[in-house]
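Visitor: Could you take me on a close look at one part of this model, the spot where the ligands sit? I'm new to this, so please go through it piece by piece.

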Amino acid sequence: MDRVGTYRQMVRIREFEERVKRSFAEHPGVIRGHTHLADGAEASIVGSIAALRPGDQVMATYRCHGYPIALGSDPGALMAEIYGRTTGICGGYGGSMHLADPAHGFLGTSGIVGQSIPQATGAAYAAQVRSAGSAARTGDVVLCFFGDGASKQGAFHESLNIASLWKLPIVYVMENNSYSVSVRVEQEDANAAAGEPLATKAKAYSMPGVTIDGGDADVVHATLAEAVARARAGEGPTLVESLVYRLSAHGNSIAPPGVPLHYPEHEAVTVFGDVAEYEAAKRGDPVPRYRGALVTGGVLDAAAADAIVAGAVAEMQGAVDFALASPDPDPAAALRFVHA
Ligand SMILES: Cc1ncc(C[n+]2csc(CCOP(=O)(O)OP(=O)(O)O)c2C)c(N)n1
Ligand SMILES: [Mg+2]
């Protein structure tokens with residue numbers, strides 16, 4: 001794996017998310033709809049996607065800005081989508097929670113918890129059929145990202161069952177950030193998740209299941225490389241539980257000034273509900289952690305690392321400028337993709 005390139009991608013994702021977060025203060029009321037940031041999950045995202053090759057595909061949740069960035073999508077078009085502009089990656093029709101860029105293998109996302117799991121399983125079935133029908137045996141693989149909360153959905157179990165039976169070329173990456181909105185994963189008096197570590201659920205469906213430190217890009221990459229190779233070789237799915245931490249609130253406020261937040265409890269609980277836990281997570285922040293590993297290991301010097309950060313800051317400023325300068329959609333086109 002290109003470790004410097006991995007660091008660069010992690011920094012680009014972090015800076016993109018920082019810009020989205022700041023957009024609510026800098027341009028109040030301009031972004032409509034909720035946004036969910038992936039700061040804290042950069043190592044998991046980039047380390048996973050680094051195991052893919054062209055032709056492979058990815059599906060994810062509403063916490064979705066990082067994946068297309070890692071896959072090579074244009075940050076300007078992603079930011080413009082979040083800003084609801086015609087130049088957005090989906091023409092402004094989708095917004096933050098509905099990013100898709102099939103040209104880069106990013107099949108899409110939605111606000112429905114668990115949605116990626118059956119859909120990615122279907123995409124893996126399609127990839128298997130395509131491969132069987134091609135002389136070259138393309139062997140494309142699908143990565144399916146979802147949260148710890150989504151593993152409580154029935155669709156998770158149905159999907160893993162069929163994927164195992166049919167040896168589908170898929171890797172399920174559960175990004176366990178310890179929370180479903182404000183419910184802790186092990187909270188006994190709530191709709192939490194029984195049976196830890198959650199990767200043990202793989203056993204029920206006769207597939208390998210592993211729990212890893214999702215804050216270490218090298219560990220993530222090594223794990224995914226093995227799981228992807230297994231899927232490509234026709235040996236079937238793997239469940240990877242990638243332990244990450246949500247360094248931001250569950251979702252960003254969409255409220256214009258003076259209007260109450262849609263979900264004020266998100267802001268109150270979230271990461272700040274347990275200050276000590278949050279501070280410990282901040283100390284283990286995967287982005288500076290990876291920088292430290294590269295600098296200490298002599299792979300990258302501090303000046304080069306600073307240049308990567310400066311490059312990402314300039315790039316994402318450009319993305320915001322592009323979004324702000326782009327036209328709003330024509331209201332007359334609002335029903336264009338509505339089918340009845
Ligand atoms: C089917 C469905 N049920 C409930 C919700 C409300 N909801 C939105 S986010 C969320 C928590 C999901 O937690 P997790 O899967 O761990 O993902 P995370 O947000 O932590 O990344 C819930 C319950 C929803 N959007 N869709
Ligand atoms: Mg979660």
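Guide: Let's start with the residues around ligand 1: there are 15 of them, and the closest are Tyr62, Arg63, Gly111, Gly149 and Tyr179. Keep in mind that this is a predicted model. If you sort that shell by class, you get 6 nonpolar, 7 polar and 2 charged residues. And where is ligand 1 placed? It sits in the largest pocket.

Now zoom in on the atoms. Gly149 uses its backbone here: a polar backbone atom of this residue is 2.8 Å from an oxygen atom of ligand 1. With Asp148 it's the side chain, which has a polar atom 3.0 Å from an oxygen atom of ligand 1. Ser180 also brings in a polar side-chain atom, this one 3.4 Å from an oxygen atom of ligand 1. How much of ligand 1 does the protein bury? Taken alone, ligand 1 exposes 580 Å², and the protein buries 68% of that.

Hang on to Asp148, though, as we move to ligand 2. That's a magnesium ion, and its coordinating atoms come from Asp148 (OD), Asn177 (OD1) and Tyr179 (O), at 2.1 to 2.2 Å. So which residues turn up for both ligands? Asp148 is one of them: it has that polar side-chain atom 3.0 Å from an oxygen atom of ligand 1, and it also coordinates the magnesium ion. Tyr179 is another, being among the closest residues to ligand 1 and a donor to the magnesium ion.

Along the chain, the donors of the magnesium ion follow the spacing D-x28-N-x1-Y. Asp148 and Tyr179 are 31 residues apart, so this pair links distant parts of the chain. You'll find Asp148 in the loop between β3 (142-147) and α6 (154-165), while Tyr179 belongs to strand β5 (residues 179-180).

Note on methods: Residues are numbered from 1 along each chain as its sequence is written. Chains are lettered from A and ligands numbered from 1 in the order in which they are written. This is a predicted model: local features need pLDDT of at least 70, side-chain atom pairs count only at pLDDT 80 or more; totals for chains, interfaces and linings use all residues. Side-chain values use heavy atoms; hydrogens and water are left out. A residue is near a molecule or strand if one of its heavy atoms lies within 4 Å of it. A polar contact is a pair of N or O atoms within 3.5 Å; within protein, one must be able to donate a hydrogen and the other to accept it, and residues adjacent in sequence count only if both atoms are side-chain atoms. Accessible areas come from the Shrake-Rupley method with a 1.4 Å probe; for residues, only the protein chains shown count as cover. On a 1 Å grid over the protein atoms alone, a cavity is a set of points where a 1.4 Å probe fits but cannot get out, and a pocket is an open set with protein on both sides within 12 Å along at least five of seven lines; lining residues have an atom within 4 Å of a point. A molecule sits in a cavity or pocket if more than half of its atoms lie within 2 Å of its grid points. Ala, Val, Leu, Ile, Met, Phe, Trp, Tyr, Cys and Pro count as nonpolar, Asp, Glu, Lys and Arg as charged, and the others, Gly among them, as polar. Donors are N, O and S atoms within 2.8 Å of the metal (3.2 Å for Na, K and Ca); water is not among the atoms, so sites may look incomplete. Helices (H or I, at least four residues) and strands (E, at least two) are DSSP runs, numbered from the N terminus.
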